[in-house]
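This report walks through one protein chain, from its overall make-up to its sheets, a buried arginine and its aromatic pairs. Please keep the sequence and the model in view.

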Amino acid sequence: MLMGAGTNATWGIAVLIVFVTSSVGDIVLAAEPQTSASTADEELLFFIVGSRGFDRREILNCGDGRTLFDRDGMWGMRDSDGHEIIAPRYRALGCSRDSTIVAAIDERRQWCAFAADGTPRDPASCRSYYSPVNWMHMRPQELDKDPYESSVLWARARLAFGAGQIDRPPQFESINVNTF
């Protein structure tokens with residue numbers, strides 16, 4: 001996002017620095033985009049970090065050896081020894097640095113949290129929307145009018161990209177923010 005900045009009638013441009021994190025929150029890139037934030041998407045940033053050794057399979061890495069995997073279009077999780085922690089029965093999964101796993105539960109039409117060992121957490125913590133990537137002034141592209149379905153489709157595309165099943169990651173869109 002470009003922002004105007006000025007003092008004493010002298011104006012300049014301030015460029016927002018974009019931080020890209022892995023699925024467990026580690027910073028893998030901190031760079032100034034060369035274009036406005038409306039065109040900065042994961043594909044562009046993958047291109048930038050790709051030259052620095054970023055491996056898109058990191059999207060499937062949940063830390064501590066836990067990884068997301070798919071079987072017949074459904075997603076599950078394995079521990080570092082390859083044992084299934086969560087059987088592949090969810091259309092989409094996500095994980096975070098604090099060992100929380102979130103699964104798209106179609107019967108509830110919500111994303112619900114699981115502990116690191118795959119046991120369900122309190123159903124009251126379920127939400128109708130989930131985004132595995134949080135950027136200021138950006139959000140995952142809307143892929144369906146229903147927020148739950150859109151977040152599931154976007155997460156599935158991100159997982160498929162991480163697994164090498166598709167060539168392009170899902171897109172981001174700018175959230176219109178007034179900076180003056």
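## Overall make-up

Among contacts in the protein chain between residues at least 6 apart in sequence, 41% join residues at least 24 apart. Contact here means heavy atoms within 4.5 Å. The model is predicted: local features need pLDDT of at least 70, side-chain atom pairs count only at pLDDT 80 or more, and totals for chains, interfaces and linings use all residues. Residues are numbered from 1 along each chain as its sequence is written, and side-chain values use heavy atoms, with hydrogens and water left out.

The protein chain holds two helices and 13 strands. These are DSSP runs, numbered from the N terminus: helices are H or I with at least four residues, strands E with at least two. Of the 180 residues in the protein chain, 41% are buried. Buried means under 20% relative accessible area, exposed over 50%, and partly exposed in between (1.4 Å probe, protein chains only). The exposed surface of the protein chain is about 10100 Å², with 51% of it from carbon and sulfur atoms. Accessible areas come from the Shrake-Rupley method with a 1.4 Å probe; for residues, only the protein chains shown count as cover.

## The four-stranded sheet

Strands of a sheet pair through backbone hydrogen bonds, either parallel or antiparallel. Two strands count as paired if DSSP finds at least two bridges between them. One open sheet has four strands in the order β5-β6-β7-β8, with antiparallel pairing. β5 (61-63) and β8 are the edge strands, and each pairs on one side only. From one strand to the next, the twist averages 20°. Axes are lines fitted to C-alpha atoms, for helices over the stretch in contact, and angles run from 0 to 180 degrees between N-to-C directions.

β6 (residues 66-71) and β7 (residues 74-78) run antiparallel and are joined by five bridges. Thr67 has Arg78 as its bridge partner in β7. Asp70 stands opposite Trp75 in β7. The two strands form a hairpin with two residues between them, and Asp72 in the turn has a positive phi of about 55°. Next comes β8 (residues 84-90), antiparallel to β7 and joined to it by three bridges. Met77 stands opposite Ile86 of β8. β7 and β8 also make a hairpin, with five residues between them; Gly82 in that turn has a positive phi of about 90°.

## The three-stranded sheet and helix α2

A three-stranded open sheet runs in the order β9-β10-β11, with antiparallel pairing. β9 (93-95) and β11 (110-114) are at the edges with a single partner strand each, so one side of each has no neighbour in the sheet. Neighbouring strands are turned by 25° against each other on average, direction ignored.

Three bridges link β9 to the antiparallel strand β10 (residues 101-105). Cys95 has Ile101 as its bridge partner in β10. Helix α2 (residues 147-162) lies across β9, β10 and β11, at about 60° to β11.

## Arg91

Where does Arg91 sit? Arg91 is in the loop between β8 and β9. Is Arg91 buried or exposed? With a relative accessible area of 18%, Arg91 is buried.

The side chains of Arg91 and Glu149 share a polar contact of 2.8 Å. A polar contact is a pair of N or O atoms within 3.5 Å; within protein, one must be able to donate a hydrogen and the other to accept it, and residues adjacent in sequence count only if both atoms are side-chain atoms. Leaving aside residues up to four places away in sequence, Arg91 touches Met74, Trp75, Asp106, Tyr148, Glu149, Val152 and Arg156.

## Aromatic pairs

The structure holds three aromatic pairs. Rings of Phe, Tyr and Trp (its six-membered ring) pair if their centres lie within 6.5 Å; planes under 30 degrees apart count as stacked, over 60 as edge-to-face and the rest as tilted. The ring centres of Tyr90 and Phe114 are 5.8 Å apart and the planes stand at 65°, so this pair is edge-to-face. Tyr90 is in strand β8 and Phe114 in strand β11, so the pair links distant parts of the chain, 24 residues apart. Both Tyr90 and Phe114 are buried.

The rings of Trp154 and Phe172 also pair edge-to-face, because their centres are 5.1 Å apart and their planes are at 70°. Trp154 lies in helix α2 and Phe172 in strand β13 (residues 172-174), so the pair ties together parts 18 residues apart in sequence. Both Trp154 and Phe172 are buried.
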